[in-house]
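I opened my notebook to look up how the ligand is held by the protein around it. I wanted to go from the nearest residues outward to the larger parts of the chain.

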Amino acid sequence: MLKFSEQQELVRKAARDFAENEIAPLAQKFDEEDICPVELFKETARLGFNGVFVPAEYGGAGLGCTEMAIILEETGRYSAGFAVSLVAHYMGTYAIMTWGTEEQKRKYLPALCSGSFGGFSLTEPGGGSDFSGQKTSARLADGKWVLNGRKCFITNSHCMDVNVVTARTGEDAEGRPQISVFIIEGNAPGHAPGRKEKKAGLRGSCTGDIVLNNVQLPQSCLLGKPGEGIKIALGTLSGMGRCGTAAVALGILRGCLEESVKFARNRVIYGKPLSKLTNIQFIIAQNRTDYEAARLMTYNAAGMRDAGMPCGAEMSMAKFFASEAAVNAARRTMELMGGYGVITDYPVSRYLRDAVSAIPACGTSHIMQIIIAENELKK
Ligand SMILES: Cc1cc2nc3c(=O)[nH]c(=O)nc-3n(C[C@H](O)[C@H](O)[C@H](O)COP(=O)(O)OP(=O)(O)OC[C@H]3O[C@@H](n4cnc5c(N)ncnc54)[C@H](O)[C@@H]3O)c2cc1C
């Protein structure tokens with residue numbers, strides 16, 4: 001049985017109040033105008049959400065992955081786009097918190113907890129699932145790291161204050177790329193947003209290129225040791241990003257469930273509510289069951305993470321299941337609504353676009369299945 005602590009229920013109440021009052025009335029506007037609501041991000045910082053898992057000594061709330069998932073479910077219920085902005089911020093913050101030196105943590109975490117936007121930049125035109133296809137380079141010259149390259153599909157690209165970036169720093173003995181990680185301030189000379197993508201869904205988060213043009217960094221900007229890039233990237237994706245994306249999908253699933261119940265109760269056909277039809281009840285039952293299954297998987301993975309247990313496969317299962325289930329629930333809910341399902345005054349067609357767009361974020365469903373199967377096969 002899933003049971004939340006009193007403190008976790010308080011976090012949920014605060015996040016739900018915020019989502020219902022501040023996000024819900026504007027969610028459609030974020031989507032239509034494709035704007036990232038920077039001012040709401042400052043508000044989530046004020047509520048303690050931006051550094052929810054960061055220890056109090058660095059300005060955070062000192063809570064965990066479960067509380068993070070609660071915040072993302074509640075915000076994702078009304079705007080998956082806004083919630084995905086938070087996920088990217090959490091990834092950059094998590095990487096610094098986990099692999100940063102004391103000096104790096106003291107320098108960046110308090111700002112990231114109090115309103116600075118973080119992000120995590122791995123993907124490149126030649127390397128999304130394929131990390132080794134990355135071409136961004138970092139070389140040491142006159143005691144400084146010099147970075148050149150282009151990252152793509154980066155969430156918060158145009159509003160990022162602190163970017164955690166992977167780059168090739170050489171090759172290992174077998175000729176495989178050696179990948180390292182750097183912390184770059186958004187306004188560092190040579191670091192700039194490039195093209196901004198027009199996405200089908202998750203609008204309300206900004207996604208685009210980051211161009212690195214002779215960015216010069218002191219050696220203190222290296223995160224972890226040279227060559228630890230794959231460990232840090234995979235650790236951030238599986239330790240935080242996938243749980244975050246699963247929780248956003250959970251929010252979409254709850255949106256589908258609530259909208260399907262509301263519509264079925266209010267719509268009258270043949271002189272009675274739609275909800276009297278058995279096939280409509282089947283859709284509601286399927287939405288409820290998928291929400292429940294995704295909820296159990298997501299909070300189980302988050303709880304394992306908080307308990308310090310290995311949970312890479314559980315995170316992948318939660319992300320795989322919740323995001324695919326959200327796509328199916330949104331499509332099903334549109335069907336339940338008949339012609340109204342495709343009318344954009346209702347949010348459900350947005351949920352479908354959001355859910356489909358969440359599938360590649362933090363690793364595609366194929367990659368999740370590969371991780372899950374590999375974990376199973378090595379037992
Ligand atoms: C909304 C959104 C936000 C994002 N935010 C960020 C971000 O903040 N930072 C960041 O770094 N990236 C981000 N990404 C990028 C995301 O991580 C990549 O899109 C994802 O990893 C897939 O990479 P790709 O797009 O290059 O697709 P590819 O890797 O080219 O995949 C193409 C197809 O091949 C399949 N495939 C790939 N490898 C294998 C394999 N080994 N076996 C079988 N099939 C395979 C894939 O499943 C897919 O179907 C974001 C993406 C989206 C859509």
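**Around the ligand**

I first listed the residues around the ligand in this predicted model, and of the 18 that I found there, Thr123, Ser129, Thr155, Thr364 and His366 come nearest.

I then sorted the shell by residue type, and the residues around the ligand divide into ten nonpolar and eight polar ones, with no charged residue among them.

Next I looked up polar contacts. A polar side-chain atom of Ser129 lies 2.5 Å from an oxygen atom of the ligand, while a polar side-chain atom of Thr123 lies 2.6 Å from a nitrogen atom of the ligand. For Leu122 I noted a backbone N or O atom, which lies 2.8 Å from an oxygen atom of the ligand.

After these contacts I checked how much of the ligand is covered, and I noted that the protein covers 65% of the 970 Å² of accessible area that the ligand has on its own.

I also looked up the pockets, and the space taken by the ligand is the largest pocket. The elements that give two or more residues to the shell around the ligand are β1 (118–121), β3 (144–155) and α11 (365–377).

Where does the ligand lie with respect to domain 2 and domain 3? I wrote down that it lies between them, because domain 2 (119–228) and domain 3 (231–377) both give residues to the shell around the ligand.

Notes:
Residues are numbered from 1 along each chain as its sequence is written. This is a predicted model: local features need pLDDT of at least 70, side-chain atom pairs count only at pLDDT 80 or more; totals for chains, interfaces and linings use all residues. Side-chain values use heavy atoms; hydrogens and water are left out. A residue is near a molecule or strand if one of its heavy atoms lies within 4 Å of it. A polar contact is a pair of N or O atoms within 3.5 Å; within protein, one must be able to donate a hydrogen and the other to accept it, and residues adjacent in sequence count only if both atoms are side-chain atoms. Accessible areas come from the Shrake-Rupley method with a 1.4 Å probe; for residues, only the protein chains shown count as cover. On a 1 Å grid over the protein atoms alone, a cavity is a set of points where a 1.4 Å probe fits but cannot get out, and a pocket is an open set with protein on both sides within 12 Å along at least five of seven lines; lining residues have an atom within 4 Å of a point. A molecule sits in a cavity or pocket if more than half of its atoms lie within 2 Å of its grid points. Helices (H or I, at least four residues) and strands (E, at least two) are DSSP runs, numbered from the N terminus. Ala, Val, Leu, Ile, Met, Phe, Trp, Tyr, Cys and Pro count as nonpolar, Asp, Glu, Lys and Arg as charged, and the others, Gly among them, as polar. Domain bounds come from an automatic or database domain assignment.
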